[in-house]
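Visitor: I'm new to this structure and would like a close look at a single part of it. Could you pick the helix and walk me through what surrounds it?

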Amino acid sequence: MSRMRMRYVKMSLGADPDAEPCVIQVRCTGCGAASTPVPEQFPGEQRDRAEEWALSHTGRIDAEGRHHTGYQVTVTMFWRVTPHEEIDPPRGEQSAGSTPSETG
Ligand SMILES: [Zn+2]
């Protein structure tokens, strides 16, 4: 029988300081073509560029002479959880096959 030791650790959640605040990208639901992902400072900041890409894509015809009119717009945000105290063992000290919180 094993026992598990648990502890309460306060954590904060916020934007990842090492990533772009947001990234917007448009994908055609007809053929899968996608715009180049564009970094944004806030969601929707580059919406005009996304709309231009979709309108331009619809303006073209495919091999069957059809226009593509459906789009998936994705705005991606990156978060970071910051524990208020150390929750991981120091690098190189974690042994294989056991977790730090298990005892006995
Ligand atoms: Zn398309």
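Guide: Here is a walk around the helix, starting with the whole chain and ending at the outlying strands.

Before we set off, bear in mind that this is a predicted model, where local features need pLDDT of at least 70 and side-chain atom pairs count only at pLDDT 80 or more, while totals for chains, interfaces and linings use all residues. As for numbering, residues are counted from 1 along each chain as its sequence is written.

The protein chain has one helix and seven strands. Both kinds of element are DSSP runs numbered from the N terminus: helices are H or I with at least four residues, and strands are E with at least two. Follow the sequence and you read the pattern β-β-β-β-α-β-β-β. So where is our helix? Helix α1 covers residues 47–59 and lies across β3, β4 and β5, running at about 10° to β3. That angle is taken between N-to-C directions, on a scale from 0 to 180 degrees, using axes that are lines fitted to C-alpha atoms, for helices over the stretch in contact.

Now the helix itself. With 13 residues, α1 reaches 18 Å from its first C-alpha to its last, close to the 18 Å expected at 1.5 Å a residue. The expected span is 1.5 Å times one less than the number of residues.

Which residues of α1 are tucked away? Ala50, Trp53 and His57 are the buried ones to look for in α1. A residue counts as buried if 20 or more other C-beta atoms lie within 10 Å of its own, exposed if 12 or fewer, and partly exposed in between, with C-beta atoms placed from the backbone. Look down the axis of α1 and its buried residues fall within an arc of 60°, so they line one face of the helix. The arc is that of the directions from the helix axis to the C-beta atoms. The general background is simple: an α-helix has 3.6 residues a turn, so residues three or four places apart point the same way. On the face of α1 turned away from its buried side you'll find the exposed residues Asp48, Leu55, Ser56 and Gly59.

What does the buried side meet? The buried residues of α1 pack against β3 and β5. Here two residues are in contact if their C-beta atoms, placed from the backbone, lie within 7 Å.

Those two strands belong to a sheet. Three strands form an open sheet in the order β4-β3-β5, with antiparallel pairing. Its edge strands are β4 (38–40) and β5 (71–77), each pairing on one side only. From one strand to the next, the twist averages 30°. Strand β3 (residues 22–28) and β5 pair in the antiparallel sense over seven bridges; two strands count as paired if DSSP finds at least two bridges between them. To see one such bridge, find Val23, whose partner in β5 is Thr76.

Between helix and sheet comes the core. The largest nonpolar core has five residues: Ile24, Val26, Ala50, Trp53 and Tyr71. Such a core is a set of buried Ala, Val, Leu, Ile, Met, Phe, Trp, Tyr and Cys residues joined through C-beta atoms within 7 Å. Both β3 and α1 supply at least two residues each to this core. Take Val26: leaving aside neighbours within four places in sequence, Val26 is in contact with residues including Ala50, Trp53, Ala54, Tyr71 and Val73.

Next, step off the helix into the loop between α1 and β5, where you'll meet His67. His67 is exposed, with 11 other C-beta atoms within 10 Å. The C-alpha atoms of His67 and His57, ten residues apart along the chain, are separated by 8.1 Å. Not counting residues up to four places away in sequence, His67 touches Thr58 and Ile61. Thr69 sits in the loop between α1 and β5 too, and Thr69 is exposed, with 11 other C-beta atoms within 10 Å.

Last, a glance at two other strands. Strand β2 (residues 11–15) and strand β6 (residues 79–83) run antiparallel, joined by five bridges. In that pairing, Ser12 stands opposite Thr82 in β6. Of the five residues of β2, the number buried is zero, so β2 lies largely in the open. For β6, the number buried among its five residues is zero, so β6 lies largely in the open. Over the whole protein chain, buried residues make up 9% of the 104 residues.
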